[in-house]
Amino acid sequence: MWDSSETTWRDQFAVWSTLKGFSYSHEFVRVWNRPSATLYKTTGFNRKTPKKLVVLFTGGAHRMMLPSWIFLAHLPRMPLCVLLVRGREPFYEEGLPGITEDFPSTVDWIRQVAADRGLVVDTVMGCSAGALPALRAGYVLGANRRLVFGLPTLSREN
C-alpha cells in the first residue's frame, strides 16, 4: 500500500521500479525552469544530442496527472527534450504566466524554443485542461503525434 507522504512514496517507487519486469527509464536533467515552463533533456546517451521535443500541456494541478519525475521516467528511452508548460485556465487562453500573453504567443514561443535548440516538435501531449490546447498546438506546430487524456470538456459552456 502506498503511503501518502511523497518522500516515502518516492522511495517505495524506487524499490518497485527495480523489480523484474519493470523497465525503469533513463534519467532526465532540468535544463532550465521558468515561471510557467520547465525544459528537461535526457542523459546517458553519450554524444547523441536530442533532436526531438515532447511538449506537455499540464492541467490545473500543473503536472501530467502524476508527479513529473514519474511521468518522465516512463517516456521512451531515446535522446529527447521535454518541455512542460503550466498555463492559466481556461485552456491556456491567457498564455503562460511570466512568458506569454495569449495562446497564439504560447505556440510561437514553443516553436522558438524548439528552433533555438535545433529540435523538431515530435509529440504534443496534454491532460485535463491542457488536453484541448495540446490538440490545437500540436496541429499548428505540425507535431507527428498528439496525445490527450482527461479532457474535461470541449467548451466552457458544458
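## Two buried tryptophans

In this predicted model, W32 and W109 are both buried. A search of the whole structure finds two aromatic pairs, and W32 with W109 forms one of them, in an edge-to-face arrangement. The ring centres lie 6.1 Å apart, and the planes meet at 65°. The pair is classed as edge-to-face because the angle between its planes is over 60 degrees.

The two partners belong to distant parts of the chain: W32 is in strand β1 and W109 is in helix α3, 77 residues apart. W32 has a further neighbour in R34, which lies over the face of the W32 ring at 3.9 Å from the ring centre.

## The second aromatic pair

F57 and Y92 also form an edge-to-face pair, with 5.0 Å from centre to centre and 75° between the planes. This pair, too, links distant parts of the chain. F57 belongs to strand β3, whereas Y92 is in the loop between β4 and α3, 35 residues apart. Both F57 and Y92 are buried.

## The sheet

The chain contains four helices and six strands. Along the sequence, these elements follow the pattern α-β-β-β-α-β-α-β-α-β. In space, the six strands form an open sheet with mixed pairing, in the order β1-β2-β4-β3-β5-β6. The edge strands are β1, residues 28-34, and β6, residues 145-149, each of which pairs on one side only. From one strand to the next, the twist averages 20°.

At the β6 edge, strand β5, residues 120-127, pairs with β6 in the parallel sense over five bridges. Within this pairing, M125 of the chain stands opposite L147 in β6.

## Helix α3 against the sheet

Helix α3, which spans residues 103-117, packs on the sheet. The strands that α3 touches are β1, β2 (37-42), β3 (52-57), β4 (81-85) and β5. The direction of α3 makes about 135° with that of β1. The pair of W32 and W109 joins these two elements, with W32 in β1 and W109 in α3.

## The chain as a whole

Buried residues make up 44% of the 158 residues in the chain. Among contacts with a separation of 6 or more, 61% are between residues 24 or more positions apart. The chain exposes about 9000 Å², of which carbon and sulfur atoms supply 52%.

Notes: Residues are numbered from 1 along each chain as its sequence is written. This is a predicted model: local features need pLDDT of at least 70, side-chain atom pairs count only at pLDDT 80 or more; totals for chains, interfaces and linings use all residues. Side-chain values use heavy atoms; hydrogens and water are left out. Two strands pair if DSSP finds at least two bridges between them. Axes are lines fitted to C-alpha atoms, for helices over the stretch in contact, and angles run from 0 to 180 degrees between N-to-C directions. Contact means heavy atoms within 4.5 Å. Buried means under 20% relative accessible area, exposed over 50%, partly exposed in between (1.4 Å probe, protein chains only). Accessible areas come from the Shrake-Rupley method with a 1.4 Å probe; for residues, only the protein chains shown count as cover. Rings of Phe, Tyr and Trp (its six-membered ring) pair if their centres lie within 6.5 Å; planes under 30 degrees apart count as stacked, over 60 as edge-to-face and the rest as tilted. A charge sits over a ring if NZ of Lys or CZ of Arg is within 6 Å of the ring centre and within 35 degrees of the ring normal.
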